[in-house]
Amino acid sequence: MNPKASLILLIALLNSPLGYAESDTASSALPETVTIRDLLQIVREKSPRYALARSQIEAAEAEVVAADVLPNPKVSYGRFDQAGGRRNTQFDGPSQQNITVEVPMLLAGQRGARKDSAERQVDVAAARVETDYNQLIRESWRLFAQLLANQQRVSLLDEARLELERLQTIIAGKQNAGTASQYDVLRITQEVQSLNTRLENAQTNLTSTIGELASLLGFPHWKPQASGSLEPIGVSTDIDKLWQQAEHNNPDLETARREMIAADSGLTKAERERWPVPSLMFGTAFTDKPYGNTTFAGVSVDLPIFDRGQGGMARAAAEVHASQLKRELLVAATRQELERAVDVLARRRATLAKAEKEVVAPLPTLKQMAEDAYRLGQTGLIELLDSSRTRTEIKLNHLELIQNEIEAELDVMNASGLLAVYFENPA
């Protein structure tokens, strides 16, 4: 098979259904209905996206192995042949052969410094994985709340549609009895059609959220349904207590702290690398016709006259300075983000509490009053439809307020580093 045909076959195999068999198998093993705890467990244990993030640690660990390896010795071989002049003026015989072995000696501690620097980078990689993990939790949780809200929107609009259809049947009966006009029938028919359009739009949004969640975690063909009630998590708004949590648990701050340690280790490595690496040399030179043999031992070393590692030292010092600036910026930005998130959460919590007390709680009474008034002939169809539409809008707005508060709570948990902590220790 020629190379071109082989390439085409490889591409075809990679794009064939067999290439996705592993992902399909993982998706088929997932539950169809998940709680938030099920979902977060799937994120940590099965998500290909999290597995990809963890591969950063493996790559960093490979650098530790490379840093711990001794430099290879070098073997050189040469041959001198008599090219002119009288024989036996340079050596006896027609030729001389040389074999030399050079062994680099890391006497200034370069090996230990390289390994320590690589190990600090493993720590940085692990912290960055935790940062990616927290972001994945935050986005998964947000989509889960959105999925729950969209499911309830579909259910709520479907109930409203059934109610309108019931009213449509009543009005049709009243038209047959001569107590309702053609306008009443036309008006209720338009209301039903309008609500059906909103219901279809809500179902489309629900399908989109399901796809977003499966795509985020890397599971093709997975169509999860959310289980649970849409209610706030109950995150504290005590800014001082949250900041203490952030200083210990925020993965961005921890990453910045480890980057500072890694930068210091890199500076130490650069200081070690400034020292020249001497090489011990052993060799032999021999001739034949007549046979003669001599041995050789020596040492070679670069003279640090021009290059004394100034570039490496300057680069390492700049990285130390940059890591310090980055941590200072992150501390300030995280504090500000936490204050913003707490302020937003407090406002959203107050808005929700007020809406539930003043708007949502009277809904059953409002419904009963509207139906009684219509039944007794005190109001007409328009007032009844307005009442039904208002109740639906209030319920939809209530869902949005709850969803907004949950997202505000997730922002607070993200800034204070409580996302992973909450998952590991829900109590």
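This report walks through the core, strands, salt bridges, surface patch and unusual backbone spots of one protein model. The model is predicted, so every value below is computed from it.

## The nonpolar core

A good place to start is the inside. The largest nonpolar core holds 81 residues. Leu217, Trp222, Leu230 and Val412 have the most contacts inside this core. Helix α5, which spans residues 110–176, supplies the largest share, with 21 residues.

Leu217 deserves a second look. Leaving aside residues up to four places away in sequence, Leu217 touches Leu39, Val43, Ser47, Pro48, Arg49, Leu136, Ser140 and Trp222. Trp222, one of these neighbours, is also on the list of residues with the most contacts inside the core.

## Strands side by side

Next come the strands. Strand β2 (residues 74–81) and strand β3 (residues 95–104) run antiparallel and are joined by 8 bridges. To find this pairing in the structure, look for Phe80, whose bridge partner in β3 is Gln96.

Strand β3 also pairs with β5, again in the antiparallel sense, over 9 bridges. Here a useful landmark is Glu102, which stands opposite Met281 in β5. As a general point, side chains in a regular strand alternate between the two faces of the sheet.

## Salt bridges

How many salt bridges does the structure hold? The count is 26. In general, side chains of opposite charge can pair when their charged atoms come close. Three of the pairs are set out here.

| Salt bridge | N to O distance |
|---|---|
| Glu259 and Arg128 | 2.7 Å |
| Asp343 and Arg347 | 3.5 Å |
| Arg349 and Glu409 | 2.8 Å |

The side chains of Glu259 and Arg128 meet in a salt bridge. This pair links distant parts of the chain, with Glu259 in helix α8 (residues 251–273) and Arg128 in helix α5, 131 residues apart. Glu259 counts as buried because its relative accessibility is 11%, under the 20% limit. Arg128, in turn, has a relative accessible area of 37% and is partly exposed.

The bridge between Asp343 and Arg347 sits within a single helix, α9. Why are these two residues separated by about one helical turn? The reason is that they are 4 residues apart in helix α9. Asp343 is partly exposed at 42% relative accessibility, while Arg347 is exposed at 57%.

The third pair is Arg349 and Glu409. Arg349 lies in helix α9 and Glu409 in helix α11 (residues 381–416), so their bridge ties together parts that are 60 residues apart in sequence. Is Glu409 buried or exposed? Glu409 is buried, with a relative accessible area of 0%. Its partner Arg349 counts as partly exposed, at 26% relative accessibility. Elsewhere among the salt bridges, Arg138, Glu337, Arg340 and Asp411 are joined into one network through shared partners.

## A nonpolar patch on the surface

Nonpolar side chains also appear on the outside. Val301, Leu303, Ile305 and Phe306 make a nonpolar surface patch of about 480 Å². Phe306 belongs to the loop between β6 and α9 (310–360). Phe306 counts as exposed because its relative accessibility of 74% is over the 50% limit.

## Unusual backbone spots

The last stop is the backbone itself. In general, most residues other than glycine have a negative phi, and most peptide bonds are trans. A few places in this model depart from those habits, as the next residues show.

Which two residues does a cis peptide bond join? They are Lys289 and Pro290, with omega at about 0°. Pro290 is found in the loop between β5 (279–287) and β6 (292–300), and Lys289 lies in that loop as well. Lys289 also has a positive phi, near 55°. With a relative accessible area of 69%, Lys289 is exposed.

His221 is another residue other than glycine with a positive phi, here near 70°. The loop that holds His221 runs between α6 (182–217) and β4 (225–226). His221 is exposed too, at 65% relative accessibility.

Note on methods
Residues are numbered from 1 along each chain as its sequence is written. This is a predicted model: local features need pLDDT of at least 70, side-chain atom pairs count only at pLDDT 80 or more; totals for chains, interfaces and linings use all residues. Side-chain values use heavy atoms; hydrogens and water are left out. Buried means under 20% relative accessible area, exposed over 50%, partly exposed in between (1.4 Å probe, protein chains only). A nonpolar core is a set of buried Ala, Val, Leu, Ile, Met, Phe, Trp, Tyr and Cys residues joined through side-chain atoms within 4.5 Å. Contact means heavy atoms within 4.5 Å. Patches are made of residues with over 30% relative accessible area and no salt bridge: like charges are joined within 9 Å, nonpolar side chains (Val, Leu, Ile, Met, Phe, Trp, Tyr) within 5 Å. Accessible areas come from the Shrake-Rupley method with a 1.4 Å probe; for residues, only the protein chains shown count as cover. A salt bridge is a side-chain nitrogen of Lys or Arg within 4 Å of a carboxyl oxygen of Asp or Glu. Two strands pair if DSSP finds at least two bridges between them.
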